Amino acid sequence: MDVESKSGRPCVRARAALVAGSLGLLLAVGGCGASGDAADSGAKAAPREALSDGGGAAASAAPEEGSDHKAAGRKAAPKAGASHVIRTATLSVEVKSVPKAVAAARGVVESAGGLVATENTERLDDTYETSHLVLRVPQERFQEVLRELAGSGKLLSRTSNAKDVTDRVVDVESRISTQRASVARVRELMDQAEKISDVVALEGELSSRQSDLESLLAQQASLKDRTSLATITLDLTPPDAPGDDGSRDEDPGFLDALGGGWDAFVTMLRWIAVAFGAAFPFLLTAALAVVVWRVLRKRGAARRSAPAVAAAPAGEDGASAS
């Protein structure tokens, strides 16, 4: 009996240790499951709590934009060495034949993968004409096209400008990422909304954020177009075109002064004739009035002198009779 009792104690202790280990393992697994369920229930309850405060879901979503903006900014960080530059240039070239120069410029731009954005040709007279072109060419072919256009004739003027807009491009991309995340978050809240007031508030917030996103996308498209294609403004003029010579800058001579004086004299005579023609009806009426007045005055004087002449002979006959 003593031997059996001594040999049985180690077995009992082993069984007790095994049972205790099994219970500890079960408790650990149960605790993990409970914490996972609690996390899931908390995640599911978060949107409902955001919507339960009577239309405050839009306001509760706003504070989260700061963290989303930082995360989007880290995701949209530009690659090392990437740059975005807007290049523009203006050329004024004197060519022998403007139509041929226009055709040549169009061929150079199209062969470089660009396009003619604007073409405006103006005829000065039967012989001369000028042309104004706005050309868009890829950035990598900008200098090459500029050299070919400048060498197509006599270069009169040339200006070039380059503006680095890398910071602006990166900022717009970051804001677009943030705005997209914000729009997606508001849509998720709308899907989980249960009250009409919450849905109405979220629809207004979604419309505002969607409008801001579209504005940012338009800015991004404009920047992409201006940084991918450079702009060249080309003015083509023929030699000895009217108004292009330097005679107008010279001092006037004797013949110029004589011609100017004669023109002034003729202009003065013309204005005098115009003034006389305008006053002629009034002068004619005044002259007729003077003539009529003189005629009537003479007739009145004749009538007054007639009785005096008739009375004079009668007086003389009476004196002789006495």
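Helices here are DSSP runs of H or I with at least four residues, strands are runs of E with at least two, and both are numbered from the N terminus. On that basis the elements of the protein run α-α-α-β-α-β-β-α-β-α-α-β-α from the N terminus on, which comes to 8 helices and 5 strands. The model is predicted: local features need pLDDT of at least 70, side-chain atom pairs count only at pLDDT 80 or more, and totals for chains, interfaces and linings use all residues. Residues are numbered from 1 along each chain as its sequence is written, and side-chain values use heavy atoms, with hydrogens and water left out.

The strands come first. Two strands pair if DSSP finds at least two bridges between them. Strand β1 (residues 85-94) and strand β4 (residues 154-164) run antiparallel and are joined by 10 bridges. Within this pairing, Glu94 has Lys154 in β4 as its bridge partner. With strand β5 (residues 229-237), β1 pairs in the parallel sense over 7 bridges. Here the bridge partner of Thr90 is Thr233 in β5.

Burial is the next topic. A residue is buried under 20% relative accessible area, exposed over 50% and partly exposed in between, using a 1.4 Å probe and protein chains only. Of the 322 residues in the protein, 22% are buried. Helix α7 (residues 196-228) supplies several of the buried positions: Asp198, Leu202, Leu206, Arg209, Leu213, Leu216, Leu223 and Thr227. An α-helix has 3.6 residues a turn, so residues three or four places apart point the same way.

What span should the 33 residues of helix α7 have? The expected span of a helix is 1.5 Å times one less than its number of residues. For α7 this gives 48 Å, and the end C-alpha atoms are 47 Å apart, which agrees.

Helix α7 also takes part in salt bridges. A salt bridge is a side-chain nitrogen of Lys or Arg within 4 Å of a carboxyl oxygen of Asp or Glu, and the structure holds 6 of them. One of these joins Arg136 to Asp225, with the closest N and O atoms 3.3 Å apart. This pair links distant parts of the chain, since Arg136 is in strand β3 (residues 129-138) and Asp225 is in helix α7, 89 residues apart. Arg136 counts as buried because its relative accessibility is 14%, while Asp225, at 34%, counts as partly exposed.

Another salt bridge lies inside α7, between the side chains of Arg209 and Glu205, with an N to O distance of 2.8 Å. The two residues are 4 apart in the helix, about one turn. Arg209 is buried, its relative accessible area being 3%, whereas Glu205 counts as partly exposed at 25%.

Helix α6 (residues 166-192) holds a pair with the spacing of 4 residues, about one turn of the helix: Asp171 and Arg175. Their side chains meet in a salt bridge at 3.7 Å, N to O. Asp171 is partly exposed, with a relative accessible area of 38%, and Arg175 counts as partly exposed at 37%.

The aromatic residues lead to helix α8. Rings of Phe, Tyr and Trp (its six-membered ring) pair if their centres lie within 6.5 Å; planes under 30 degrees apart count as stacked, over 60 as edge-to-face and the rest as tilted. The structure holds 2 aromatic pairs. In one, the rings of Trp262 and Phe265 have centres 5.8 Å apart and planes at 40°, so this pair is tilted. Trp262 and Phe265 are separated by about one helical turn because they are 3 residues apart in helix α8. Trp262 is exposed, with a relative accessible area of 57%, and Phe265 counts as partly exposed at 38%. The rings of Phe276 and Phe280 have centres 5.9 Å apart and planes at 55°, so that pair is tilted. Phe276 and Phe280 lie 4 residues apart in helix α8, about one turn. Phe276 counts as partly exposed at 49% relative accessibility, as does Phe280 at 42%.

Trp262 and Phe265 also belong to a nonpolar surface patch with Met268, Leu269 and Ile272, and together these residues have about 530 Å² of accessible area. Patches are made of residues with over 30% relative accessible area and no salt bridge; like charges are joined within 9 Å, and nonpolar side chains (Val, Leu, Ile, Met, Phe, Trp, Tyr) within 5 Å. Accessible areas come from the Shrake-Rupley method with a 1.4 Å probe, and for residues only the protein chains shown count as cover. Met268 is placed in helix α8 (residues 254-321) and counts as partly exposed at 42% relative accessibility.
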